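Work through the exercises below with the coordinates open, and try each task before turning to its solution.

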Amino acid sequence: MARLAQFKTPLFDAVKKYVDDNVVQFHVPGHKKGNGLQEFRDYIGERVFQMDANGMQDLDFANNPTGVIYESEKLLAQAYSAQNAFFLVGGTTVGVQAMIMSACEPGDKILIPRNAHKSTIGGIILSGAMPVYIQPEINEHLGIAMGITEESLRKAIKENPHAKAVFLINPTYYGAASDLKSLVRIAHRHEMAVLVDEAHGAHMSFHDDFPLTAMEVGADMSAASMHKTAGSLTQSSVLLLRSNLISPDRVKAVLNLTHTTSSSYLLMCSLDIARKQMATEGCEMLEEALRLARMARDEINKIEGLYAFGKELIGTPGCYDFDETKLGINVEGLGYTGYEMEAKLRSEYNIQIELSDMHNIMGIVSLGDTEENIVALINALKDISSKTEVKECRKHTIIPQNPKMIVSPRDAFYSKKKSIPLKESVGEIAGEMIMAYPPGIPVIGLGERITQDIVDYIEVLKNQRCQMQGTADPHINSIMVLGTD
């Protein structure tokens, strides 16, 4: 009976009825079924504009749902083995910030892996919590951060026994998963709430060949980007709650501080349908995605100079399990950086991959992929390898370790600042973040001491034309630091 319930799409059905009723609109949005934005309507179609509605009795209200949105969120919670689920139309960034604000009050400590997304800093600033960073394991061969270990968490808890919460990533952008069940058990033994960023794991509940999820192992909250891997529209995510430490009322109160009062019905309908699809067809669809990912790995690993890493990483430090739909490819054997390979694939083969770094590229293999697309990528990589005469590995660029936090991110955010040349910033306290995006992990964060290693690393990333974000200066020739002119 519970399985059959997942075939329902209460919100989508209500929106379809609203469109079919051809309601005369004297409510926002102002385009009035696209009549006020005809050029765009002519390109994307009128049905999108007809569905672009606003909160009303028969369509429910996202900030305090009691009708069809409430029913759809209940189905979503059930599908993900949660007690409560909340639609998010501001991406998982809003979910991450809501988790931190729900679990922490000003001054509370929260344990966070250093490779957490920049949205955690926003949550820290908004909540007033104090981050205590845990250094993730580093795979030196690939040059990427992995998960954290039980030992590193125990050490952080021993040094910060009164911390309020632990923030974890499941999986990392590259697909590595920590031993989440053990980490949750350790945190709960110390009465700490466990918050999990599952931005890249929204699909994992629906097939047994994926790492365990936050809700499956007893974490308190998780935020999952359904738009990334579960089929919904970009910017639509879900916040999940299953906790004795954090109440649903607290979460709702936090969301009402940060959540728009004009939630997109297009985004929410896509969540409603994506949930139905994952719950009823997800296992079969993910089986095909896994087949394609495995085929890609097998073929790419036959190409000279390339290494598509996968489940063989399980058992290495920081990798307890692995999500095979993250198709990471080490390209340094061809003498390219990941940034150069990304640009080459796009400009010469019309292929856009998800992520690149100094040594790797990474593609997402998902529900919508086809064998034709996979073969196109394989053939492009074969062609690049065959045309590359000098195949030599470049020297690895060392990722700087944890900078020292001098001022809390919140205090740094509100402090007076001045702009100085990046090259002259060594020893100063950062007044803004610098990160490569994607993945959006800060190289230097608010309130941290800038070192020469960090400046050198940023210069390397700039020279490789990596997409850098976070600074007032878009070219990152200067940086804001604490102090006055």
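The exercises that follow concern aromatic contacts, enclosed cavities and open pockets in a model that is predicted.

**Exercise 1. Classify the ring pair formed by Phe-40 and Phe-49, and state how far each residue is exposed or buried.**

Solution. Begin with the distance: the ring centres of Phe-40 and Phe-49 lie 5.9 Å apart, and a pair requires centres within 6.5 Å. Next take the planes, which stand at 90° to each other, so the pair is edge-to-face, given that angles over 60 degrees are put in that class. Then turn to accessibility: Phe-49 has a relative accessible area of 5% and is therefore buried, while Phe-40, with a relative accessible area of 43%, is partly exposed. As a closing step, place the pair in its setting: the structure holds 4 aromatic pairs.

**Exercise 2. Describe the aromatic pair of Phe-413 and Tyr-414, and find which residue lies over the face of Phe-413.**

Solution. The centres of the Phe-413 and Tyr-414 rings are 5.0 Å apart, and with 90° between the planes the pair is edge-to-face. For the accessibility of the two partners, Phe-413 has a relative accessible area of 42% and is partly exposed, whereas Tyr-414 reaches 60% and is exposed, the cut-off for that class being over 50%. The last step looks at the ring face of Phe-413, over which Lys-417 lies at 6.0 Å from the ring centre.

**Exercise 3. Which residue lies over the face of Tyr-133, and which cavity do both residues help to line?**

Solution. First, the residue over the face of Tyr-133 is Arg-114, at 4.8 Å from the ring centre. Second, look for both names in a cavity lining: Arg-114 and Tyr-133 are among the residues that line the second largest cavity, together with others including His-117, Pro-442 and Glu-448. Third, give the size and make-up of this space: the second largest cavity has a volume of about 50 Å³, and its lining divides into 4 nonpolar, 3 polar and 2 charged residues.

**Exercise 4. Characterise the largest cavity by its volume, its lining and the classes of its residues.**

Solution. A search of the whole structure finds 6 cavities of 30 Å³ or more, and the largest of them has a volume of about 60 Å³. Its lining includes Pro-113, Asn-115, Met-146, Ile-148, Leu-168 and Thr-172. Sorting the lining by class gives 7 nonpolar and 4 polar residues, with no charged residue present.

**Exercise 5. For the two largest pockets, determine the volume and the element that gives most to each lining.**

Solution. Take the largest pocket to begin with: its volume is about 990 Å³, and of its 50 lining residues, Asn-115, Tyr-173, Ala-436, Pro-439 and Ile-441 lie nearest the centre. Elements that each supply at least two lining residues include helix H6 (91–103), strand E18 (441–444) and helix H16 (452–463), and the largest share, 4 residues, comes from H6. By class, this lining has 25 nonpolar, 19 polar and 6 charged residues.

Repeat the steps for the second largest pocket, whose volume is about 310 Å³. Of its 18 lining residues, Pro-65, Glu-73, Ala-85, Phe-86 and Lys-252 lie nearest the centre. Helix H5 (68–79), strand E1 (84–88) and helix H11 (248–258) each supply at least two residues, and H11 gives the most, with 5. The class count for this lining is 9 nonpolar, 5 polar and 4 charged residues.

Key: Residues are numbered from 1 along each chain as its sequence is written. This is a predicted model: local features need pLDDT of at least 70, side-chain atom pairs count only at pLDDT 80 or more; totals for chains, interfaces and linings use all residues. Side-chain values use heavy atoms; hydrogens and water are left out. Rings of Phe, Tyr and Trp (its six-membered ring) pair if their centres lie within 6.5 Å; planes under 30 degrees apart count as stacked, over 60 as edge-to-face and the rest as tilted. Buried means under 20% relative accessible area, exposed over 50%, partly exposed in between (1.4 Å probe, protein chains only). A charge sits over a ring if NZ of Lys or CZ of Arg is within 6 Å of the ring centre and within 35 degrees of the ring normal. On a 1 Å grid over the protein atoms alone, a cavity is a set of points where a 1.4 Å probe fits but cannot get out, and a pocket is an open set with protein on both sides within 12 Å along at least five of seven lines; lining residues have an atom within 4 Å of a point. Grid points are joined across faces, edges and corners, and a volume is the space filled by probe spheres set on the points. Ala, Val, Leu, Ile, Met, Phe, Trp, Tyr, Cys and Pro count as nonpolar, Asp, Glu, Lys and Arg as charged, and the others, Gly among them, as polar.
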